[in-house]
Amino acid sequence: MTQKITWKMKWFGCFSSKTLPLDLLSHVPKPHLSRRISLSDISDPGSVSAEDISNSLIGSNLHIFTFLELKTITNDFSSVNLLGEGGFGPVYKGFIDDKIRPGLKSQPVAIKLLDLDGAQGYREWLAELVFLGQLRHPHLVKLIGYCCDDEERLLVYEYMERGNLESHLFKRFSIPLPWLTRIKIALGAAKGLAFLHGEEKPVIHRDFKASNILLDSDYTSKISDFGFAKDGLEGDETNVASRIMGTHGYAAPEYIMTGHLTTMSDVYSFGVVLLEVITGKKALDKTRGSREQDLVKWARPMLKDPLKLETIIDPKLEGQYSLEGAKKVAALAFQCLNKNPRSRPTMSNVVKILEPILHLDERQMTSLVSIFDTKERNKEMDIKEKTQEIDVVKKAEKKGSGYHKYRKARKNMHLMKSKFAYSDTALYTLKGKMK
Ligand SMILES: Nc1ncnc2c1ncn2[C@@H]1O[C@H](COP(=O)(O)OP(=O)(O)OP(=O)(O)O)[C@@H](O)[C@H]1O
Ligand SMILES: [Mg+2]
């Protein structure tokens with residue numbers, strides 16, 4: 001778990017059993033109204049039952065689970081089912097089906113259990129419920145339901161088979177993520193953020209980082225953890241947060257220094273994640289040399305220099321990336337990490353920039369694969385050729401000039417084979433020649 005910037009929570013005490021301190025009813029959007037409930041709508045302590053929240057979050061189809069149900073499906077929160085633990089508390093794997101509730105789709109789920117002694121608390125639980133209960137997008141993790149029995153506060157999400165991006169990038173024995181998968185993950189997360197920022201009332205995530213990007217079986221990325229999320233203001237207006245929240249290493253400098261919070265704070269955090277994706281290095285790592293501990297400080301100046309860039313690209317990729325693509329992704333990270341928030345791109349622009357990189361790289365990596373295949377085939381052919389060569393040489397010796405043509409052709413073929421390089425432009429040219 002990375003170190004969080006949090007404030008000491010000032011929340012309206014604890015909810016009474018089965019109730020929440022919401023003044024929702026007067027603000028509850030009726031089914032025909034599309035206005036999203038904001039956390040600020042819930043500022044006055046009132047008392048609304050768990051069912052009322054569900055009714056309020058119309059269209060979200062959230063299920064209310066009992067603590068006993070969740071206890072049963074996790075085998076009494078058995079350590080065998082423990083997926084991990086964050087600031088909110090432990091997360092367990094479980095399985096739901098229509099035996100629990102008629103109509104429930106059979107599926108694995110992840111269950112977050114609020115740790116009452118933890119740094120995050122009820123406000124985060126409620127924020128998660130209010131935001132994720134109403135926001136639906138292919139790149140946001142899906143909230144399936146919640147539990148609010150007595151003092152227990154739990155959240156039930158769709159299960160994301162491949163866990164989070166952080167473990168794939170940094171866990172010592174994890175299989176390195178291929179370049180294209182990294183770009184696919186970054187693009188998916190960018191789409192999720194662009195969706196949040198593009199809402200009528202923009203949503204600022206405030207804790208965007210590699211551990212909050214979850215991955216599906218096919219590496220589709222989804223943003224999780226909305227406990228710190230905040231409604232942004234329209235236009236150029238800026239929220240001035242009275243308390244700074246987020247995670248060290250990912251939070252934007254202007255936000256840390258002045259509390260000024262805009263969607264551009266998320267863009268900065270996205271830039272940090274891009275940098276982690278490129279370098280395979282954590283945003284902050286005290287075990288690195290003093291100059292390299294802060295990834296942004298160390299790596300940002302090298303992003304615009306192609307020669308230096310090659311020295312910081314994740315060595316676990318073993319050169320299997322497209323240099324053209326890497327240069328573009330690096331330039332994008334450089335922009336996102338601009339100290340001046342106004343000079344950063346919007347997330348929808350980030351999507352526009354990343355999309356063609358993925359497609360370009362896909363084409364180029366395909367040609368790379370085809371060259372690898374060709375090399376393999378060439379190896380097999382070489383054996384055949386070697387035996388045939390003796391015959392050819394013998395024939396050529398008889399014919400004279402034909403042999404020179406043959407040597408020239410073979411020399412060209414060797415040139416083609418050795419031209420295998422990182423540069424995609426070279427690959428393109430090569431592919432053209434091979435046709
Ligand atoms: N829906 C899910 N499916 C699968 N695994 C999940 C899901 N949600 C969370 N996890 C896993 O549970 C672990 C804890 O997640 P959690 O979000 O609570 O903490 P974190 O992101 O590691 O830290 P932080 O509290 O700083 O956000 C992580 O390893 C995460 O991958
Ligand atoms: Mg998390």
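In what order do the six strands of the open sheet stand? I looked this up in what is a predicted model, and I noted the order S4-S8-S9-S7-S6-S5, with pairing that is mixed. At the edges I found strand S4, covering 63-64, and strand S5, covering 82-85, each of which pairs on one side only.

Next I turned to one pair inside this sheet. Strand S6, residues 90-96, and strand S7, residues 107-113, run antiparallel and are joined by six bridges. Within this pair I wrote down that Gly 94 stands opposite Val 109 of S7.

Then I looked up the surroundings of ligand 1. I found 23 residues around ligand 1, and I listed the closest as Gly 84, Gly 86, Gly 87, Val 91 and Ala 110. The elements that supply two or more residues to this shell are S5 and S7, and S5 gives the most, with three residues. Sorting the shell by class, I noted ten nonpolar, nine polar and four charged residues.

Where does ligand 1 lie with respect to domain 1 and domain 2? I noted that ligand 1 lies between them, because domain 1 (22-158) and domain 2 (165-364) both give residues to its shell.

My last entry concerns Lys 328, which I located in helix H10, residues 323-336. Is Lys 328 buried or exposed? I put it down as partly exposed, because 18 other C-beta atoms lie within 10 Å, whereas a buried residue would need 20 or more and an exposed one 12 or fewer. I also noted that the C-alpha atoms of Lys 328 and Leu 354 are separated by 8.4 Å, although these residues are 26 residues apart along the chain.

Technical notes
Residues are numbered from 1 along each chain as its sequence is written. Chains are lettered from A and ligands numbered from 1 in the order in which they are written. This is a predicted model: local features need pLDDT of at least 70, side-chain atom pairs count only at pLDDT 80 or more; totals for chains, interfaces and linings use all residues. Two strands pair if DSSP finds at least two bridges between them. Helices (H or I, at least four residues) and strands (E, at least two) are DSSP runs, numbered from the N terminus. A residue is near a molecule or strand if its C-beta atom, placed from the backbone, lies within 6 Å of it. Ala, Val, Leu, Ile, Met, Phe, Trp, Tyr, Cys and Pro count as nonpolar, Asp, Glu, Lys and Arg as charged, and the others, Gly among them, as polar. Domain bounds come from an automatic or database domain assignment.
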